[in-house]
Amino acid sequence: MLLWAGLAVAIVLGLRWTVFGRRAYALGNAPEAARLALISKLGVWTRAFVISAALAAAAGILELGFTGTALASVGNEFLFLSVGAVVIGGTAITGGVGGYTGTVIGVLTLTTLTTVFVGLGLDKSLQEAVLGGAILLLVAAYGRESHVRNRI
């Protein structure tokens with residue numbers, strides 16, 4: 001938890017206070033303005049994917065240490081929760097709105113809900129159904145905003 005909290009703080013500060021972070025937000029929020037400001041779309045995307053790959057590799061190594069198995073499908077059970085955390089945190093799937101702080105709040109929300117569901121003894125399939133319903137409600141609420149309707 002301490003490693004994740006420190007990493008979350010570093011990511012939030014990095015996105016807010018570095019040139020790369022400002023360029024990434026500019027490219028996501030106003031691609032035409034970013035182009036006019038001579039921000040290289042390929043450069044920002046390449047850096048973002050490299051950072052994402054490095055963090056995914058670190059997560060894979062930590063998961064390997066936790067489970068003791070090295071299968072390509074070992075993280076499949078976390079895919080639903082990771083997308084759900086991003087959506088619950090307020091990041092628009094279409095881009096341009098959101099941030100890592102909201103994603104952290106989404107992760108904490110889903111972790112708390114999952115802990116409660118496990119404590120209540122709910123089946124894994126029922127847990128996913130309830131979480132899926134909550135995510136659908138949030139996506140429906142976000143979908144009513146004009147910025148999402150204009151991008152789809």
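## Glutamate 63

Glutamate 63 is buried and yet has no salt bridge in this predicted model. The nearest side chain of opposite charge belongs to lysine 124, which is 11 Å away. A salt bridge requires a side-chain nitrogen of Lys or Arg within 4 Å of a carboxyl oxygen, so lysine 124 does not qualify as a partner.

Glutamate 63 sits in helix α4. When neighbours within four places in sequence are left aside, its contacts are Gly68, Val74 and Phe78.

## The salt bridge in helix α3

Side chains of opposite charge can pair when their charged atoms come close. The structure holds 1 salt bridge. This pair consists of arginine 35 and glutamate 32, with 2.5 Å between the closest N and O atoms.

Both arginine 35 and glutamate 32 belong to helix α3, where they are 3 residues apart, or about one turn of the helix. Glutamate 32 counts as partly exposed because its relative accessibility is 45%. Glutamate 63, by comparison, is buried.

## Glycine 60 and leucine 38

Helix α4 also contains glycine 60. Its relative accessibility is 37%, so glycine 60 counts as partly exposed. Between glycine 60 and alanine 72 there are 9.7 Å in space, C-alpha to C-alpha, for a separation of 12 residues in sequence.

Leucine 38 belongs to the loop between α3 (31–36) and α4 (41–67). The phi angle of leucine 38 is near 65°, a positive value in a residue other than glycine. Leucine 38 is exposed, because its relative accessible area is 77%.

## Helix α5 and glycine 90

Helix α5 spans residues 79–88, and its buried residues are Gly84, Ala85, Val87 and Ile88. They lie on the same side of α5, because the arc they cover around the axis is only 165°.

Just after α5 comes glycine 90, which takes a positive phi of about 100°. Leucine 38 likewise has a positive phi, but that residue is not a glycine.

## A nonpolar surface patch

Leu7, Ile51 and Leu55 form a nonpolar patch on the surface. Together these residues have about 230 Å² of accessible area.

Leucine 7 is placed in helix α1, which covers residues 2–17. With a relative accessibility of 37%, leucine 7 counts as partly exposed. Patches are made of residues with over 30% relative accessible area, so leucine 7 meets that cut-off.

## The chain as a whole

The chain has 8 helices and 0 strands. From the N terminus on, its elements run α-α-α-α-α-α-α-α. Along the principal axes, the C-alpha atoms fill a box of roughly 55 × 40 × 25 Å.

Of the 152 residues in the chain, 18% count as buried. Glutamate 63 is one of the buried residues. The accessible surface comes to about 10,400 Å², and carbon and sulfur atoms account for 71% of that area. Among contacts between residues at least 6 apart in sequence, 52% join residues at least 24 apart.

Notes:
Residues numbered from 1 in each chain as written. Predicted model: local features only at pLDDT ≥ 70, side-chain atom pairs only at ≥ 80, totals over all residues. Heavy atoms only, no water. Patch = residues over 30% accessible without salt bridge, like charges linked within 9 Å, V, L, I, M, F, W, Y side chains within 5 Å. Areas by Shrake-Rupley, 256 points an atom, 1.4 Å probe, with all protein chains shown as cover. Helix = DSSP H or I, 4+ residues; strand = E, 2+ residues; numbered from the N terminus. Buried < 20%, exposed > 50% of the residue type's maximum accessible area, 1.4 Å probe, protein only. Arc of directions from axis to C-beta. Contact = heavy atoms within 4.5 Å. Lys, Arg positive; Asp, Glu negative; His and termini not counted.
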